[in-house]
Amino acid sequence: MVLTRERIVNRLTELFKFGFVGGVAYIVDLGLFNLLRFGPGEILDGSPLTAKVISACVATLVAWLGNRYWTFSAKRTTDSARELIQFAVVNVGGMAVALICLWFSHYVLGFTSPLADNISANVVGVFLGMIFRYVLYRHWVFTGDSGAAPQPP
């Protein structure tokens, strides 16, 4: 495969869009996680994994919309149900990466402070999960022909 200037620009544009959408979803994830754990009433104070699952699910919905209709809009398929299922599977895998990082730090290493939970779940876990997601979105979820992409609603 020959890398032309156009292909490089297209890939960099796609990476920028992916990063932007991911950044918005990250803010939703981080904010909701901390609100549930440490916000008024400390709703899920003793349940860091449950808080992370809830915040990641909400952030996944934000990411689905952004990636389907902006980042990979030219690579959508006409089978949105298939894409949604595959997107959800990939996000469960990405969430598992963050949960494993949080679990290991919190329960194995004993780092239970708010800072430690945030670093393990929302820095290390999210970064590793981001790499996992991008590769699978690009090569498994959004695989449609750019000429056959449906128009947004």
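1. Buried residues make up 37% of the 153 residues in the protein, and a reader new to the structure should keep in mind from the start that this is a predicted model. Along its principal axes, the C-alpha trace spans about 50 × 35 × 20 Å.

2. As to the fold, the protein contains four helices and zero strands, and, read from the N terminus on, its elements follow the order α-α-α-α. Helix H1 covers residues 5-38 and helix H2 covers residues 48-71, helix H3 takes in residues 80-108, and helix H4 extends over residues 114-141.

3. On confidence, the pLDDT of the protein averages 87, and 93% of the residues score at least 70. Confidence is lowest in helix H2, where the mean is 89, and highest in helix H1, where it reaches 92.

4. The packing of H3 and H4 deserves a careful look in the viewer. These two helices pack at an angle of about 155°, and their axes are 8 Å apart. Because angles over 145 degrees count as roughly antiparallel, H3 is described as roughly antiparallel to H4. The crossing of the two helices, H3 and H4, is right-handed, and the residues in the contact of H3 with H4 divide into 18 nonpolar, nine polar and four charged.

5. Two residues of helix H4 can serve as landmarks along that helix. Ile 119 lies in H4 and is partly exposed, with a relative accessible area of 41%, while Phe 132, which also lies in helix H4, is partly exposed with a relative accessible area of 32%. Ile 119 and Phe 132 are separated by 13 residues in sequence and by 18 Å in space, taken from C-alpha to C-alpha. Phe 132 can also be set against Val 97, which is 35 residues away along the chain, and here the C-alpha atoms are separated by 8.8 Å.

6. Which cysteine sulfur is the closest to that of Cys 57, and is the distance suitable for a bond or too far? The closest cysteine sulfur belongs to Cys 101 and is 17 Å from the sulfur of Cys 57, which is too far for a bond, because a disulfide requires a pair of cysteine sulfur atoms within 2.5 Å. Cys 101 is accordingly in no disulfide, with the sulfur of Cys 57 as its nearest cysteine sulfur, and the count of disulfides comes to zero. The surroundings of these cysteines can be described as well: Cys 57 is partly exposed, with a relative accessible area of 40%, whereas Cys 101 counts as buried at 17% relative accessibility, a value that falls under the 20% cut-off for buried residues.

7. Glu 42 is a residue whose backbone merits inspection, since its phi is near 40°, a positive value in a residue other than glycine. Glu 42 is found in the loop between H1 and H2, and it is partly exposed, with a relative accessible area of 40%.

8. Gly 23 lies in helix H1, where it counts as partly exposed at 27% relative accessibility. From Gly 23 to Asn 118 there are 95 residues in sequence, and the distance in space is 16 Å, from C-alpha to C-alpha.

9. Buried or exposed: which word applies to Ala 63? Ala 63 is buried, with a relative accessible area of 8%, and its place is in helix H2. The C-alpha atoms of Ala 63 and Gly 19 are separated by 10 Å, although the two residues are 44 residues apart along the chain.

Note on methods
Residues are numbered from 1 along each chain as its sequence is written. This is a predicted model: local features need pLDDT of at least 70, side-chain atom pairs count only at pLDDT 80 or more; totals for chains, interfaces and linings use all residues. Side-chain values use heavy atoms; hydrogens and water are left out. Buried means under 20% relative accessible area, exposed over 50%, partly exposed in between (1.4 Å probe, protein chains only). pLDDT is the predictor's confidence in each residue, from 0 to 100. Axes are lines fitted to C-alpha atoms, for helices over the stretch in contact, and angles run from 0 to 180 degrees between N-to-C directions. Angles under 35 degrees count as roughly parallel, over 145 as roughly antiparallel, 65 to 115 as roughly perpendicular and the rest as oblique. A crossing is left-handed if the near helix is turned anticlockwise from the far one by less than a right angle, and right-handed if clockwise. Ala, Val, Leu, Ile, Met, Phe, Trp, Tyr, Cys and Pro count as nonpolar, Asp, Glu, Lys and Arg as charged, and the others, Gly among them, as polar.
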